[in-house]
Amino acid sequence: MSDGEKTALSDCSADAAGSGILTKRTRMRRHRIDDFDKSAALWSDPDVARYISGRPSTRAESWSRLLRYIGHWQALSFGYWVVEDRVTGQYLGEVGLADYKRDMTPSIERWPEMGWVLAPHAQGRGLATEAVAAALDWSDRMLASERTVCLMDPGHRASIRVAAKNGFVERCSGELGGSPVLIMERLKPAT
């Protein structure tokens, strides 16, 4: 793929995915197998899982998630990044784009899905907004999709604020796994 060529959601090469992004306060990089313990610790926290799955993840579920993260980059040339403190290297969370082929109503399958999760110690400082903005900037440059969506629990006010600060607006309500979900969308800025 040439530098000027954008990839479609289902037509990506492994070389398209920049291996790292620096923001003012974070370093974002692709997941590695040795991130497992930190990712599993993040997802085992009930406060982290509260608005996402409603329950902490098991180690097996966290292992599957880590493999999905790595697999997204290998298969689709986009995915999630580990978010680390730029100075200390502390594991802050995970931010990125996915194609989960969700069985939900309404379908969002044709658009990349933005997601983010930060450890409690990293919340409330604007780090999610900063990392999401960097991921969306990357997406705007690298992916052909004119729209990005995000899903969230309608009661998760902090994530709704992060989404709104990054240009997402409410699209509609939906249902995922028998639970209500808010679907927000962001159109790629005109260039």
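Which element supplies the largest share of the lining of the largest pocket?

## The largest pocket

That share comes from strand S5, which contributes six residues to the lining of the largest pocket. The model discussed here is a predicted one, and the volume computed for its largest pocket is about 1300 Å³. The lining consists of 47 residues, among which Trp43, Tyr51, Ile52, Trp116 and Val117 are the closest to the centre of the pocket.

Strand S5, which spans 113–118, is one of several elements that each supply at least two residues of this lining. The helices in that group are H2 (46–49), H3 (59–76), H4 (127–142) and H5 (157–165), and the strands are S5, S6 (147–152) and S8 (179–187). When the lining residues of the largest pocket are sorted by class, 23 are nonpolar, twelve are polar and twelve are charged.

## The enclosed cavity

A search of the whole structure for cavities of 30 Å³ or more returns one, and the largest cavity holds about 50 Å³ of space. Its lining is formed by Ala98, Asp99, Tyr100, Lys101, Arg102, Ile108, Glu109, Trp111 and Glu113. By class, this lining has four nonpolar and five charged residues, with no polar residue among them.

## Backbone features in the loops

Lys101, which was named above as part of the cavity lining, lies in the loop between strands S4 and S5. The phi of Lys101 is near 50°, a positive value in a residue that is not glycine. Pro106 is also found in the loop between S4 (91–98) and S5, and a cis peptide bond with an omega of about -10° joins Thr105 to Pro106.

Another positive phi, of about 65°, occurs at Ser77, which is likewise not a glycine. Ser77 sits in the loop between helix H3 and strand S3 (80–85), and this residue counts as buried because its relative accessible area is 1%, which is under the 20% limit for that class. As background to these loop features, most residues other than glycine have a negative phi, and most peptide bonds are trans.

## Surroundings of Thr26

Thr26 lies in strand S2, which covers residues 26–30, and because its relative accessibility is 0%, Thr26 counts as buried. The side chain of Thr26 is joined to the side chain of Thr23 by a polar contact of 2.6 Å.

When neighbours within four places in sequence are left aside, Thr26 is in contact with Ile21, Val83, Glu84, Arg86, Leu92, Leu127 and Glu130.

## Cysteines and the absence of disulfides

Why does Cys150 not form a bond with the closest cysteine sulfur, that of Cys172? The sulfur of Cys150 is 11 Å from the sulfur of Cys172, so the distance is too far for a bond, given that a disulfide requires the two sulfur atoms to be within 2.5 Å. The same reasoning applies from the other side, because the closest cysteine sulfur to that of Cys172 is in Cys150, again at 11 Å and too far for a bond. Consistent with this, the structure holds zero disulfides.

The two cysteines can also be described by their accessibility. Cys150 is buried, because its relative accessible area is 0%, whereas Cys172, with a relative accessible area of 21%, is partly exposed. The value for Cys172 therefore falls in the class between the 20% limit for buried residues and the 50% limit for exposed ones.

Note on methods
Residues numbered from 1 in each chain as written. Predicted model: local features only at pLDDT ≥ 70, side-chain atom pairs only at ≥ 80, totals over all residues. Heavy atoms only, no water. 1 Å grid on protein atoms, 1.4 Å probe; cavity = no way out; pocket = protein on both sides within 12 Å on 5 of 7 lines; lining within 4 Å. Points joined across faces, edges and corners; volume = space filled by probe spheres on them. Helix = DSSP H or I, 4+ residues; strand = E, 2+ residues; numbered from the N terminus. Nonpolar A, V, L, I, M, F, W, Y, C, P; charged D, E, K, R; others polar. Buried < 20%, exposed > 50% of the residue type's maximum accessible area, 1.4 Å probe, protein only. Polar contact = N/O pair within 3.5 Å; in protein donor to acceptor, adjacent residues only side chain to side chain. Contact = heavy atoms within 4.5 Å.
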